[in-house]
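Let's get to know this one by asking a few simple things about it. Have a look at the picture, then read on.

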Amino acid sequence: MLEASGHPLKKGLIEFLRRPKRELIVNFPVQMDDGSIRMFTGYRVHHNAVRGPTKGGIRYHPDVTLEEVRALAMWMTWKCALVNIPYGGAKGGVAVDPAKLSPRELERLTRRYATEISLLMHPGGDVPAPDVGTNPQIMAWIMDTYSMHTGFTQPAVVTGKPLEIGGTLGRVEATGRGVMMVVAEALKLHKIPMEQATIAIQGFGNVGSYAALTAYQMGARVVAVSDVHGGIYNPEGLDIPRLMEHVRQHRTVRGFPEAEPITNMELLALKVDVLIPAALENQITAENAPNVQARILAEGANGPTTPEADEILIEKGVFIVPDILCNAGGVVASYFEWVQDLQSFFWTEEEINSRMERILRRAFYEVLAKEEELRRYGLKPGDYRTAAQALAIWRVAQATLIRGIYP
Ligand code: NAD
């Protein structure tokens with residue numbers, strides 16, 4: 001299908017795109033608060049650097065493996081290429097449960113891991129960011145460690161930093177806000193006015209809550225949301241700012257007044273215009289996909305739909321906004337943070353949002369155009385996931401051919 005884009009993809013080129021460029025495994029000691037020494041294993045993988053420095057988060061989780069980091073690094077290559085920001089893909093991680101470390105242990109682990117992978121990090125070469133289990137404070141320690149080694153402050157070596165040391169406005173809200181920016185385009189396409197749109201959101205963490213808030217601000221009706229403890233439903237629409245306050249106090253959406261309880265499975269089957277899975281992977285499966293009644297499925301989470309469910313939904317005519325497009329707002333904001341750090345010149349939140357909207361909207365319509373183009377070569381109508389993937393892969397392939405194979 002890639003050949004359809006006018007340039008034959010050579011066999012060796014496909015092999016090149018499949019493989020990570022470099023993989024680093026580091027085993028390192030950390031001194032614990034009780035004086036004992038524990039060994040940890042960490043990784044940093046660069047999948048592809050043809051279009052620019054590699055970009056990708058650092059995950060702290062007990063189940064982190066080289067295979068997982070490798071897969072996520074490749075995912076980042078396609079995501080960055082799809083929204084056409086000048087980055088390749090990377091990922092890193094340490095097999096550790098950060099909740100089981102004291103703050104001092106977490107800092108020592110982070111500084112040692114940053115030191116171990118610093119031969120791969122560089123503001124112009126590889127720029128990490130937060131992922132599962134890491135946060136702005138951890139990014140600050142990575143930035144500080146790297147800067148101490150090089151002898152001067154280098155904010156652009158990592159993104160997702162606190163505002164005080166070169167972070168960007170709008171980073172926290174970026175992914176959820178980006179989800180709604182593409183949903184707004186999908187609604188326009190379906191001729192559904194925003195004020196009449198009904199939305200259900202699974203997951204009320206970073207992505208889900210800011211997608212809900214943005215939807216509320218745009219005038220849509222968010223009728224249901226859920227978290228790991230269960231969900232709430234109000235057909236008249238939920239007051240999202242008040243709900244966020246409720247979650248700050250109670251740590252769950254459950255018990256919010258003016259709403260009925262609902263299960264996660266019921267939420268996924270609601271008759272709404274837009275369903276936004278924003279919790280975990282593999283939530284929409286062959287079993288529950290036949291019950292989905294939403295017209296638009298906007299994938300806030302990474303990989304929320306299984307391949308079997310995907311086929312069922314396409315068959316049913318559900319319009320799927322695939323994850324690499326739908327949740328790309330986060331990496332776009334990271335890109336803005338890096339650009340601002342390199343220029344030492346900072347933008348307003350309004351500038352951040354309007355620039356992000358331009359990038360996501362452009363990518364949205366490019367995916368639509370690609371789907372139409374690839375239909376002529378046998379793509380199933382409505383398979384926007386394959387279209388997005390093909391467009392991204394094609395961009396990296398094209399950049400490789402233009403640069404040429406060294407030497
Ligand atoms: P988070 O930890 O802040 O929130 C996750 C939410 O999902 C919580 O409300 C949690 O209670 C809920 N949840 C967990 N298990 C659930 C279950 N079984 N049923 C229903 N709800 C459940 O995480 P996040 O940062 O919002 O990320 C959510 C998804 O979005 C993940 O797939 C992540 O990879 C993806 N993503 C996040 C970003 C980002 O910038 N945060 C960017 C791109 C993609």
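Q: How many nonpolar, polar and charged residues make up the shell around the ligand?
A: This is a predicted model, where local features need pLDDT of at least 70, side-chain atom pairs count only at pLDDT 80 or more, and totals for chains, interfaces and linings use all residues. Residues are numbered from 1 along each chain as its sequence is written, and side-chain values use heavy atoms, with hydrogens and water left out. Ala, Val, Leu, Ile, Met, Phe, Trp, Tyr, Cys and Pro count as nonpolar, Asp, Glu, Lys and Arg as charged, and the others, Gly among them, as polar. Sorted that way, the shell has seven nonpolar, nine polar and one charged residues.

Q: Which residue has a side-chain N or O atom 2.7 Å from an oxygen atom of the ligand?
A: A polar contact here is a pair of N or O atoms within 3.5 Å. V207 offers a polar backbone atom at 2.8 Å from a ligand oxygen, and V228 has a backbone N or O atom at 3.0 Å from one. The side-chain atom at 2.7 Å belongs to T175.

Q: Which elements do the buried residues of α6 pack against?
A: Helix α6 (a DSSP run of H or I, at least four residues) covers residues 206-218. Its buried residues (under 20% relative accessible area, 1.4 Å probe, protein chains only) include V207, G208 and L213. Taking contact as heavy atoms within 4.5 Å, they pack against α5, β6 (strands are E runs of at least two), β7 and α7.

Key:
The expected span of a helix is 1.5 Å times one less than its number of residues. Buried means under 20% relative accessible area, exposed over 50%, partly exposed in between (1.4 Å probe, protein chains only). A polar contact is a pair of N or O atoms within 3.5 Å; within protein, one must be able to donate a hydrogen and the other to accept it, and residues adjacent in sequence count only if both atoms are side-chain atoms.
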